[in-house]
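Thanks for coming, everyone. I'd like to walk you through a structure that will be new to most of you. Let me put it up on the screen.

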Amino acid sequence: MRLTRCIVRPAVMAALVGTLASPALARQQAPPPAPPAAPDALAALADEIAGEVAALRGWPFKSSVAKRRATPEEARRYIERRLDADLVPGRTALQQAMLQVVGLLPPSMDLRATLLGVLENQVGGYYDPDTKTLCLVERPGGAPAVADRLILVHELTHALDDQYVDLNQLMRAHSNQSEDMDLVVASISEGSATGLMVQYLARLQAAGRLDMKALQEYAQQEAERSQPLLDAPPYFSAMVASYICGMQFLAKGNLMALALAPDNKAFGESFLATVKNPPRSIEQILHPAKYWDFAALDEPVVVDDGSVRRWLARPGLHVVHSDTLGELLTAILAGPKDRRLDAAQLQLPGAWTSPAATGWGGDRFYLLAEGSSADEARRTLSGLRGVWVTAWDTTADRGEWLAALPASSLPAGRVVFPLGDRAAVVLLGFNERDSKALAGSLGDARLAFTQNGSAWMAAR
């Protein structure tokens, strides 16, 4: 999923704000809330907050940021433009078919339409890196002053980051490579803005600048607005992971240190470091030590596409798309179909993986279709089938994954068999005869794996 940045907000706000808006905290005295900023006061409020954001991060703004109010209709048009840019024509149909075959999307669900419906309900504000403009979306009935303030903090952090690293270039360089890397890139960007926002919120609380009753009501409103996202298939709720897990990752796994830090400078340095040298998988985001701690460094196992394509070659059957799902989507697939997260769980980074997925070493999914040629198969997408090659850190990790599959979200009729001592293959949509033929030929296929540039042997 190419994750449209600066959009998914209510679910995150409900989780983070709800933590500070507990009933116990709400009993504290607080000054009366300031009235919501009028449109002509937005620039003044944004300039005030921009100064606070720059002071926290320790980076001066190189130029002022354009700001304006946007109507819900304008926000919808912006989301549509971003989706059209992010969802590459041709690739989107293949991506949707792959997600349906593996069980992450229902067979009849339209990826673009569902994304639009989910994101439209979530937008509270956005920073557009194309026009370098921050937009605060007007809501029916308005929003409490703290809502505008927090959204501005988040979006102004994006704007500040953009002046130092070029967010569009970051997206272009690493997105649309795989589902796995799309989540990595989103986690870097959204984790940066979420971490500074959390620090800012904690400072407001400590200074007695929060109306805790209004904050409680706001958290409840945001929880209600996030419900369509939480009710969607778990694939879509993974968008929220980039905020929560990205923040934990940039904090190097120590969120308490982030909350207590005198400023956001070290966090900003982590952001710059990961822009220069991005994590290679969402596994490193979910388990920060696997990136930051050299002794625990864990690079993903890479499945050689050529060796798999040679094994799968059959007359009239063609590989039309290949992708890497990564640990987070592997964890979703290992869980039951009816699994849903609630807003309280969203603030817990551990909610985004599972014991069955934490031994993930690498994976590659191959979507196959029938046709007289690869072009025809790609165009018609008929007779769809899937082959998912997975690699695991240990034999025990693979065993834990295999044990979870009977109750998993993978479609019925799957065929699963081990490969060597640390890999496994899942066949989806194949009849019994073809499944047996593929399994029988695997011994001679010599599938190739590498890790950190060196050979990784499934049978070692």
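Before I count anything: when I say helix or strand, I mean a DSSP run, at least four residues for a helix and at least two for a strand, numbered from the N terminus. With that in hand, this protein has 21 helices and 11 strands. Keep in mind that what you see is a predicted model.

Some overall figures, then. Of the 460 residues in the protein, 57% are buried. If you take contacts between residues at least 6 apart in sequence, 78% of them join residues at least 24 apart. And the protein exposes about 18,000 Å², with carbon and sulfur atoms supplying 56% of that.

Okay, let's look at a sheet. There's an open one with 3 strands, in the order β1-β3-β2, and the pairing is mixed. β1 (66–70) and β2 (125–128) are at the edges with a single partner strand each, so each has one side without a neighbour in the sheet. From one strand to the next, the twist averages 20 degrees. β2 and β3, residues 133–137, run antiparallel and are joined by 4 bridges. For instance, tyrosine 126 has cysteine 135 in β3 as its bridge partner.

What packs on this sheet, touching β1 and β3? That's helix α3, residues 42–57, whose direction makes about 130 degrees with that of β1. Helix α4, residues 72–86, lies across β1, β2 and β3, at about 50 degrees to β2.

Now for the inside. In soluble globular proteins, nonpolar side chains tend to be buried together. Here the largest nonpolar core has 108 residues, and Val102, Phe236, Leu328 and Trp388 have the most contacts inside it. Helix α12, residues 234–250, gives the most to this core, with 11 residues. Take valine 102: beyond its neighbours within four places in sequence, its contacts include Leu325, Phe365, Trp388 and Leu428. Apart from that core lies another, of 24 residues, among them Val301 and Phe417.

Last stop, helix α20, residues 395–404. Which of its residues are buried? They're Asp397, Arg398, Trp401 and Ala404. These cover an arc of only 125 degrees around the axis, which means they sit on the same side of α20. On the other side, Ala396 and Ala403 are exposed. The cover over the buried residues of α20 includes α18 (326–334) along with β7 (382–392), β8 (415–419) and β9 (423–428).

That's my tour; over to you.

Methods:
Residues numbered from 1 in each chain as written. Predicted model: local features only at pLDDT ≥ 70, side-chain atom pairs only at ≥ 80, totals over all residues. Heavy atoms only, no water. Pairing = 2+ DSSP bridges. Axes fitted to C-alpha atoms, helices over the stretch in contact; angles between N-to-C directions. Contact = heavy atoms within 4.5 Å. Core = buried A, V, L, I, M, F, W, Y, C linked by side-chain atoms within 4.5 Å. Buried < 20%, exposed > 50% of the residue type's maximum accessible area, 1.4 Å probe, protein only. Arc of directions from axis to C-beta. Areas by Shrake-Rupley, 256 points an atom, 1.4 Å probe, with all protein chains shown as cover.
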